[in-house]
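Hi everyone, thanks for making the time. I'd like to walk you through one structure today, starting with a single residue and working outwards. Have a look at it first.

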Amino acid sequence: MSIAADPYGGAPIARSPVGLPAKSLGNGALWVAAFLSGFVIEEPAPYELYMVLLTVVWLACGLKLRREFGPLIICMMLYTAGGVASIPLAEKMGDAMMYIAVTGFLAITAIFYAAIIAENPERCRVIQNGYTISAVLVASIGIAGYFNLFPGAEYFTLYDRARGTFQDPNVFGPFLVLPTALIIQKLLRESVLRNLLLLLPLAILLLGVFLSFSRGAWGVLAAAVLMVYLLALITEQNGLRRARLVFLGVIGLFAFFGLIAAALSIDTVAEMFQQRARLVQEYDGARLGRFARYALGFQLVMEHPLGIGPLEFNKYFPEDEHNVYLKGFTTYGWLGGIVYIILAIWTVCAMVPLLFRSRPWTAFTQCVFAVFVSHLLLSVIIDTDHWRSMYMLYGLAWGLIAAEKLGKGRPRLPLQRTSAQS
């Protein structure tokens with residue numbers, strides 16, 4: 001077995017006797033993980049089972065937990081610890097223990113993604129490829145389900161809304177936003193004519209988000225794409241290319257509204273859109289609706305430092321929290337609620353400087369930042385606590401932060417000649 005040095009000076013890469021690099025096997029396994037993240041219609045999902053095995057194997061092969069993403073590790077540990085402390089308060093201990101166990105597992109997946117990206121940020125491309133292919137396939141399934149294009153296709157819908165291979169349309173829609181932003185950014189920065197083939201998957205992803213009829217997903221898409229577009233304008237130095245970006249922005253808006261108009265020409269789509277497009281639904285503004293529960297929920301947790309226990313909120317009110325920051329306090333106590341807010345703010349602040357540095361993965365960093373911030377805003381009205389993609393975003397963000405601290409991707413300066421050599 002031959003040994004090859006890692007291009008970033010890390011641990012050597014083992015090669016199998018047949019000449020296939022172990023690095024390629026590792027990247028292939030990572031690609032499968034990103035691909036499986038789109039299939040969570042039943043629990044435990046294939047993603048969970050696969051990630052357990054993958055994490056154990058990578059750690060056994062020497063994956064390092066670095067201090068550069070120590071804040072992620074510490075905050076995830078404290079967040080989970082807050083949940084463990086609240087378990088005795090739950091009426092059904094078994095269900096509560098399982099809920100916190102899932103939280104702990106997802107926290108480990110976030111740390112795993114941070115570790116592999118910190119070690120080699122080029123792996124972003126592997127994750128991007130697997131995630132994008134998964135999202136296009138999942139969106140296609142959701143669209144086929146909505147229009148009932150094959151027998152049994154209605155299984156991939158819920159409440160007359162596309163859900164694809166997810167349990168809820170509100171999770172399905174936001175999952176499609178990251179690859180959508182990545183494709184749009186590529187079209188903004190490179191020749192559109194050379195990337196015409198990308199217009200088909202882009203249209204599929206956009207239609208998938210739309211047919212989820214999730215107001216949250218629409219908001220995440222709009223906010224993320226707007227941030228990616230503004231970052232492209234801000235970081236572009238060439239005046240001619242900046243004018244091109246303005247032109248593409250106008251064309252893109254017309255194309256997007258054209259796609260929506262075509263979809264709305266179908267009566268059933270138009271009826272659902274009219275219903276879902278209202279800013280405040282009946283269940284939002286009712287006496288114990290979503291917004292009322294926020295105020296009453298925060299009043300409740302002020303009297304319970306350890307929270308009220310996992311899965312207990314709907315025993316006090318008609319429905320769950322639908323707010324991850326409120327859930328942080330109800331399910332994980334004051335410790336978990338405060339830690340989650342600190343981690344969210346810390347992640348955003350640590351990523352901002354990375355957006356304007358020239359690195360091979362800066363484009364990916366900008367998209368992760370835009371989608372991550374959009375999800376944080378979405379978390380005010382939707383419970384994202386157990387979203388696999390949310391924990392992946394945390395891991396990718398801290399992996400990129402750690403890679404910058406480790407000096408990955410910086411231009412190498414030529415060695416200075418000493419005076420004796422002059």
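Let's begin with E404, which counts as buried at 7% relative accessibility. By buried I mean under 20% relative accessible area, with exposed meaning over 50% and partly exposed in between, using a 1.4 Å probe and protein chains only.

Before going further, a word on what you are looking at. This is a predicted model, where local features need pLDDT of at least 70 and side-chain atom pairs count only at pLDDT 80 or more, while totals for chains, interfaces and linings use all residues. Residues are numbered from 1 along each chain as its sequence is written, and side-chain values use heavy atoms, with hydrogens and water left out.

Back to E404. Which residue forms a salt bridge with E404? It is R357, and the closest N and O atoms are 3.2 Å apart. A salt bridge here is a side-chain nitrogen of Lys or Arg within 4 Å of a carboxyl oxygen of Asp or Glu. R357 sits in the loop between α15 (324-351) and α16 (362-378), and E404 is in helix α17 (residues 388-405), so this pair ties together parts that are 47 residues apart in sequence. Helices are DSSP runs of H or I, at least four residues long, strands are runs of E, at least two long, and both are numbered from the N terminus. Unlike buried E404, R357 is partly exposed, with a relative accessible area of 35%. There is also a network of salt bridges here, linking R357, R359 and E404.

As a general reminder, side chains of opposite charge can pair when their charged atoms come close. The structure holds ten salt bridges, so let me show you two others. K186 and E190 form one, with 3.1 Å between the closest N and O atoms. Both partners are partly exposed: E190 at 37% relative accessibility and K186 at 34%. The side chains of E119 and R123 also meet in a salt bridge, at 2.9 Å from N to O.

Is R123 buried or exposed? It is buried, with a relative accessible area of 9%. R123 is in helix α5. Leaving out residues up to four places away in sequence, R123 touches N27, L30, W58, I116 and I117; a contact means heavy atoms within 4.5 Å.

Let's stay in α5, which covers residues 123-146, and move along to T132. T132 is buried, with a relative accessible area of 16%. A polar atom of the T132 side chain lies 2.7 Å from the backbone oxygen of Q128. Beyond four places in sequence, T132 touches P179 and I183. The C-alpha atoms of T132 and P179 are 5.1 Å apart, although 47 residues separate the two along the chain.

S134 is in α5 as well, and it is buried at 0% relative accessibility. Apart from residues up to four places away, S134 touches A34, F35, G38, F39 and F175.

Now to the inside of the protein. How many residues does the largest nonpolar core have? It has 121, and those with the most contacts inside it are F69, F112, Y113, I116, L211 and Y394. The term covers buried Ala, Val, Leu, Ile, Met, Phe, Trp, Tyr and Cys residues joined through side-chain atoms within 4.5 Å. Helix α4 (residues 93-119) gives the largest share of this core, 15 residues. Looking past its neighbours within four places, F112 is in contact with L30, M51, L54, T55, W58 and L63. Apart from this core lies another one, of six residues, including Y294, I308, F313 and L326.

Helix α4 itself is mostly covered, with 19 of its 27 residues buried. At 1.5 Å a residue, those 27 residues should span 39 Å, and the end C-alpha atoms are 39 Å apart, which agrees. That expected span is 1.5 Å times one less than the number of residues.

Finally, the whole chain. The secondary structure comes to 17 helices and four strands. Of the 422 residues, 53% count as buried. Among contacts between residues at least 6 apart in sequence, 71% join residues at least 24 apart.

That's my tour, and I'm happy to take questions.

Definitions and conventions. Polar contact = N/O pair within 3.5 Å; in protein donor to acceptor, adjacent residues only side chain to side chain.
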